Amino acid sequence: MKNMKNIINNKVTDERILSEKRRIGNEAFNVLIYMLLASIFIQEYLFKAPFSQYAVEVVCLIVSCFFVIVRTVKSGNDVYYEKKYSQKNVVMGSIVSGLAVAAVTTVLNWVNYDELMSKNLGNTVLISLITFVSSAVLVFVVLELTYIVNKKKQDKIKSELDDNED
């Protein structure tokens, strides 16, 4: 329909121009997502703002990430570009994410609550461990669900292509 509309209006869009426009839009989206994430962290940890002040940003971040994943899977594009991606990668991604969240949270807690954290190192380690486990489990669930849905879609596409070849 769009091509017909372009032909009627005598506007034939060059594929290179269209590709460049899409690339620019994609880069702008990525910049906005990172800025949104930075805004959330700044409001939470530096300004100590209540959650209600940045709740809309959190919802926008979650919805936009969810939208990108759903659209990517529905369109048939592989979310995980590598053919070697496996359960090991899901577990490793979960562990690395858990460690990163625990490290950042521990440092920020130490900065904000220096007296409490330095007096009782046992509690600091326990809090860090709980943060690591809970964030790693959450990331694992999200990555595993994404992996399963993506694998089913890719298998379906592969079987359809195999059926068409016969």
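Lys 48 counts as exposed, because its relative accessibility is 53%, and the cut-off for that class is over 50%. The residue sits in the loop between H2 and H3. Although Lys 48 is not a glycine, its phi is positive, about 50 degrees. I should state at once that this is a predicted model, and that every value in this talk is computed from it.

Let me place that loop in the whole chain. The protein has six helices and zero strands, and along the sequence the pattern reads α-α-α-α-α-α. Among its 166 residues, 19% are classed as buried. If we take the contacts with a separation of 6 or more, 68% of them join residues that lie 24 or more positions apart.

I turn next to the helix before the loop, H2. With 32 residues at 1.5 Å a residue, H2 should span 46 Å, and the distance between its end C-alpha atoms is 45 Å, so the two values agree. Which residues of H2 are buried? They are Ile 33, Leu 36, Ile 40 and Gln 43. As a general point, an α-helix has 3.6 residues a turn, so residues three or four places apart point the same way. The cover over the buried residues of H2 includes H3. After H2 comes Lys 48, with the positive phi already mentioned.

On the other side of the loop is H3, residues 51-74. Here 24 residues at 1.5 Å each give an expected span of 34 Å; the end C-alpha atoms are 33 Å apart, which agrees. H3 nevertheless has a bend of about 25 degrees, located at Glu 57. Its buried residues are Tyr 54, Ala 55, Val 58, Leu 61, Ser 64 and Val 73. Against what do these buried residues pack? They pack against helix H2, residues 15-46, and helix H6, residues 121-165. Just after H3 there is another positive phi, of about 95 degrees, at Gly 76.

How do H2 and H3 meet? Two packed helices are described by the angle between their axes and the distance between the axes. For H2 and H3, the axes cross at roughly 145 degrees and come within 10 Å. The crossing of this pair is left-handed. From H2, the contact is made by Phe 29, Ile 33, Leu 36, Leu 37, Ser 39, Ile 40, Gln 43 and Glu 44. From H3, the contributors are Gln 53, Tyr 54, Glu 57, Val 58, Cys 60, Leu 61, Ser 64 and Val 68. By class, the residues of this contact are 10 nonpolar, four polar and two charged. Glu 57, where H3 bends, is one of the residues that make the contact.

The second pair I wish to show is H4 with H6. Helix H4, residues 87-112, packs with H6 at an angle of about 145 degrees, and the axes are 7 Å apart. H4 passes H6 in a right-handed crossing. The contact of H4 with H6 comprises 15 nonpolar, 12 polar and one charged residues.

Three serines illustrate this pair. Ser 94 belongs to helix H4. Is Ser 94 buried or exposed? Ser 94 is buried, because its relative accessible area is 4%, and the limit for that class is under 20%. Apart from residues up to four places away in sequence, Ser 94 touches Ala 136, Val 139, Phe 140 and Leu 143.

Ser 97 also lies in helix H4. Its relative accessible area is 25%, so Ser 97 is partly exposed. Ser 97 and Ser 135 are separated by 38 residues in sequence, and their C-alpha atoms are 7.3 Å apart in space.

The third serine, Ser 128, is in helix H6. Ser 128 counts as buried because its relative accessibility is 17%. Setting aside neighbours within four places in sequence, Ser 128 is in contact with Ala 102 and Thr 106.

To close, I return to the two pairs in this predicted model. H2 and H3 form a left-handed crossing, whereas H4 passes H6 in a right-handed one. Between H2 and H3 lies the loop that holds Lys 48, whose phi is positive although the residue is not a glycine.

How values were computed: Residues are numbered from 1 along each chain as its sequence is written. This is a predicted model: local features need pLDDT of at least 70, side-chain atom pairs count only at pLDDT 80 or more; totals for chains, interfaces and linings use all residues. Side-chain values use heavy atoms; hydrogens and water are left out. Helices (H or I, at least four residues) and strands (E, at least two) are DSSP runs, numbered from the N terminus. The expected span of a helix is 1.5 Å times one less than its number of residues. The bend at a residue is the angle between axes fitted to the seven residues ending there and the seven starting there. Buried means under 20% relative accessible area, exposed over 50%, partly exposed in between (1.4 Å probe, protein chains only). Contact means heavy atoms within 4.5 Å. Axes are lines fitted to C-alpha atoms, for helices over the stretch in contact, and angles run from 0 to 180 degrees between N-to-C directions. A crossing is left-handed if the near helix is turned anticlockwise from the far one by less than a right angle, and right-handed if clockwise. Ala, Val, Leu, Ile, Met, Phe, Trp, Tyr, Cys and Pro count as nonpolar, Asp, Glu, Lys and Arg as charged, and the others, Gly among them, as polar.
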